[in-house]
Amino acid sequence: SDDDADTCDDCSNGQYDTSNDGDDFDCDGTCDDGDDTVGGEITLSFSNATETTIDIDYNLSSCQGISGFQFHVDGVDLISADADLEVSSANNNVVAFSFTGAQLDSGSGSLASLLFFGDLDGATIGLSNVVIGSSGGGQITVYGPGDAAIVACTNFDGDDLCDIDVD
């Protein structure tokens with residue numbers, strides 16, 4: 001039976017008990033057996049865009065923190081990435097985790113900051129293949145961030161090179 005309508009059998013622990021009828025890994029009030037997002041849910045957004053930088057912010061709905069993430073950056077040529085975890089980036093791919101078990105807290109915060117080459121025509125930046133892992137080892141369901149506009153770089157001397165990259 002499921003008298004409390006939380007998608008879990010009220011006798012899953014061996015006795016009838018609606019207050020103890022299944023694990024809820026992400027603390028969202030839905031037991032794991034009936035939860036489509038067992039690892040929690042995270043919404044990503046871009047902020048503070050400049051000619052060559054942008055921040056990725058997060059809002060994590062879970063009692064579990066973020067233990068690592070990876071994604072591909074689309075639309076710009078990535079130089080580097082920075083986060084409060086150990087970060088590696090190459091070929092527009094970013095991977096972050098901690099050798100010591102550090103994590104990013106649940107709630108809201110900064111996931112990463114990206115540095116990339118400017119573009120004379122401006123650009124549209126996006127992320128693909130985003131995977132975020134919780135401190136408990138589960139995959140977090142990701143929403144966003146969508147695309148963001150990057151303004152064209154300055155080229156005061158007209159040499160077809162971004163002033164901020166080369167001059």
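1. A residue is called buried here when its relative accessible area is under 20%, and by that standard both F69 and F71 are buried. The structure is a predicted model, and the points below should be read with that in mind.

2. The two buried phenylalanines, F69 and F71, also belong to one of two aromatic pairs counted in the model. Their ring centres lie 5.8 Å apart and their planes meet at 5 degrees, so the pair is stacked. The other pair, F97 with F99, is edge-to-face, with 5.0 Å from centre to centre and 75 degrees between the planes. The setting of this second pair deserves a separate remark, since F97 counts as partly exposed because its relative accessibility is 36%, while F99, with a relative accessible area of 69%, is exposed.

3. F69 and F71 appear again in the largest nonpolar core, which has 31 residues and in which I66, F69, F71, L111, L114 and I125 touch the most other members. Two or more residues of this core are given by each of β1, β2, β3 (66-74), β4 (78-82), β6 (93-97), β7 (107-116), β8 (123-134) and β10 (148-150). The largest share, five residues, comes from β8. As a general background to such a grouping, nonpolar side chains tend to be buried together in soluble globular proteins.

4. L114 may serve as a way into this core for someone looking at the structure for the first time. Leaving aside its neighbours within four places in sequence, L114 is in contact with T52, T53, I54 and I56, with F71 and V73, with L78, S80 and A81, and with V94 and I125. Two of these partners, F71 and I125, are themselves among the core members that touch the most others.

5. Strand β1 (residues 41-47) can be followed through its pairing with two other strands. With strand β2 (residues 53-61) the pairing is antiparallel and runs over seven bridges, and T43 stands opposite N59 in β2. The strands β1 and β2 form a hairpin with five residues between them, and in the turn N48 has a positive phi of about 55 degrees. With strand β9 (residues 139-143), by contrast, β1 pairs in the parallel sense over three bridges, and here the bridge partner of E41 is T141.

6. D55, which has its place in strand β2, links the hairpin turn to another part of the chain through its side chain. One polar contact, of 2.9 Å, joins the side chains of D55 and N48, the turn residue with the positive phi, and another, of 2.8 Å, joins the side chains of D55 and S113. Apart from neighbours within four places in sequence, the residues in contact with D55 are S45, F46, S47, N48, A112 and S113. Although D55 and L111 are 56 residues apart in sequence, their C-alpha atoms are 7.8 Å apart in space.

7. The count of disulfides comes to one, and this link joins C153 to C162 with an S to S distance of 1.9 Å. With -70 degrees about the S-S bond, the link is left-handed. How accessible are the two cysteines, C153 and C162? C153 counts as buried because its relative accessibility is 8%, and C162 likewise counts as buried, at 6%.

Key. Residues are numbered from 1 along each chain as its sequence is written. This is a predicted model: local features need pLDDT of at least 70, side-chain atom pairs count only at pLDDT 80 or more; totals for chains, interfaces and linings use all residues. Side-chain values use heavy atoms; hydrogens and water are left out. Two strands pair if DSSP finds at least two bridges between them. Helices (H or I, at least four residues) and strands (E, at least two) are DSSP runs, numbered from the N terminus. Contact means heavy atoms within 4.5 Å. A polar contact is a pair of N or O atoms within 3.5 Å; within protein, one must be able to donate a hydrogen and the other to accept it, and residues adjacent in sequence count only if both atoms are side-chain atoms. A nonpolar core is a set of buried Ala, Val, Leu, Ile, Met, Phe, Trp, Tyr and Cys residues joined through side-chain atoms within 4.5 Å. Buried means under 20% relative accessible area, exposed over 50%, partly exposed in between (1.4 Å probe, protein chains only). A disulfide is a pair of cysteine sulfur atoms within 2.5 Å. Rings of Phe, Tyr and Trp (its six-membered ring) pair if their centres lie within 6.5 Å; planes under 30 degrees apart count as stacked, over 60 as edge-to-face and the rest as tilted.
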